[in-house]
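Student: I'd like a close look at one strand and at whatever it touches on either side. Please start with its side chains and work outwards from there.

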Amino acid sequence: MDNLTLEYCLKFPFSQKARKLVSLKVKSIEDLGKPQLLPAILLAEEKIMSAIKPSIKPGSPGPWLEILSYPIANIILSTINVRSLTYKYAVREAEKIASRWSADDLKALVEIGKEEFGVEAIVIGRDIKSVVIDLVSYIKLASCLGIGPISEQWDPSNRKITDGHVHVTVKEYIRLLKAKVKNHILEAASRPPASVPANILEVAGRIKNAYLRGVKHRVKPRTGKDPPCMRWLIREVDRGLTHISRFILAAYLLNRGKTVKETLEVFKQSPDYDEKISTYQITYIKRKGYLPPSCARLEELGICKKDETCGDIRNPLQYGRKR
Ligand code: SF4
């Protein structure tokens, strides 16, 4: 394999080209039991462990092992199946991958965006380049950036739009693509294979034990006034809530009279917690006065945990007030 292919696959280990390359060595999941794949498995283990303990620095054994370790790490994580760990890893890995990109890769970045994620974008400009993204693709990308609604900075209504295309700088396009890669890893690492070789089970068990030993105590669910759905979401915070679940919980807490600071406290156990971003997003939800969705919508989303205490309420905010 030539250096150009290796360089490309290192920059885009989630690409079709990288998958093809890996398939030369790993034809089936059983192949992961072969001793020659041990270095790549150990690298994948180190990479996941470094998401748990940042003091662990994975080695740099060269592009080929790095490329091989990408799908292997996803298989190990899907075997462990702990969402908060997967999230921590996905954020870190996407960051690492994107650190290999530069403005010189713009053409390839736009191509890969289309091929892998269906993002319709075009590079414009001669000397100072920028990117225009089809509005639907843009909204999908921007929603990968954080919790809750799209922030003001990324809100399409605050952007230049021409013929249904949103203008972004090269730096912004890279940031959007990095967020998409993070979500892509999250998805890939949440599909456990039907069976995995014993050595992978062993690695997964080791990592899981190390992780669970370090997990902080969970937030104690507040009982009494909160409905079952919200108590459940509060319990799940330290496992990592989805984008929409975080928005719903924040909107609920704020509307039940919690301050931004008190709401922030609930999210502190989140695996990807970032005080600055969370403060901004919660403040934004409060300022906009967003309400949590109706019980019917929460049921559709699989968040409703109705019991006899809910009665016939239509919105979690009515819990304990109207029966
Ligand atoms: S009925 Fe409403 S309040 Fe009760 S658990 Fe379901 S969504 Fe929550």
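**Strand S4 and its surroundings**

Tutor: In S4 (residues 165–169) the side chains alternate: Val 166 and Val 168 go to one face and are buried, while His 165, His 167 and Thr 169 go to the other face and aren't. Buried here means that 20 or more other C-beta atoms lie within 10 Å of a residue's own; 12 or fewer makes it exposed, anything in between partly exposed, and the C-beta atoms are placed from the backbone. Strands are DSSP runs of E with at least two residues, helices are runs of H or I with at least four, and both are numbered from the N terminus.

A word on the source: it's a predicted model, so local features need pLDDT of at least 70 and side-chain atom pairs count only at pLDDT 80 or more, while totals for chains, interfaces and linings use all residues. Residue numbers start from 1 along each chain as its sequence is written.

Now the neighbours. Two strands pair if DSSP finds at least two bridges between them. S4 pairs with S2 (residues 130–134) in the antiparallel sense, over five bridges. You can follow that register by eye: Ser 130 has Thr 169 as its bridge partner, and Asp 134 has His 165. His 165 is also the bridge partner of Thr 162, which brings us to S3 (residues 161–162), antiparallel to S4 over two bridges. S3 and S4 make a hairpin with two residues between them, and Asp 163 in that turn has a positive phi of about 50°.

Stepping past S2 takes you to S1 (residues 121–124), which pairs with S2 in the antiparallel sense over four bridges. Ile 124 stands opposite Ser 130, the residue whose partner in S4 is Thr 169. S1 and S2 are a hairpin too, with five residues between them and Gly 125 in the turn at a positive phi of about 90°.

Put together, that's an open sheet of four strands in the order S1-S2-S4-S3, with antiparallel pairing. S1 and S3 are at the edges with a single partner strand each, so one side of each has no neighbour in the sheet.

Next comes helix H8 (residues 170–188): at 1.5 Å a residue, its 19 residues should span 27 Å, and its end C-alpha atoms are indeed 27 Å apart. That expected span is 1.5 Å times one less than the number of residues. Its buried residues include Val 170, Tyr 173, Leu 176, Leu 177, Ile 185 and Leu 186, and two lysines, Lys 180 and Lys 182, are on the list as well. For reading such a list, remember that an α-helix has 3.6 residues a turn, so residues three or four places apart point the same way.

What do the buried residues of H8 pack against? From the sheet there are S2 and S4, and from the helices H4 (63–80), H5 (83–98), H6 (106–117) and H7 (135–142). Contact here means C-beta atoms, placed from the backbone, within 7 Å of each other.

To zoom out, the protein is divided into domain 1 (3–81 + 192–214), domain 2 (103–182) and domain 3 (228–318), with bounds from an automatic or database domain assignment. Over C-alpha atoms, the centres of domain 2 and domain 3 are 28 Å apart.

Note on methods: Contact = placed C-beta atoms within 7 Å.
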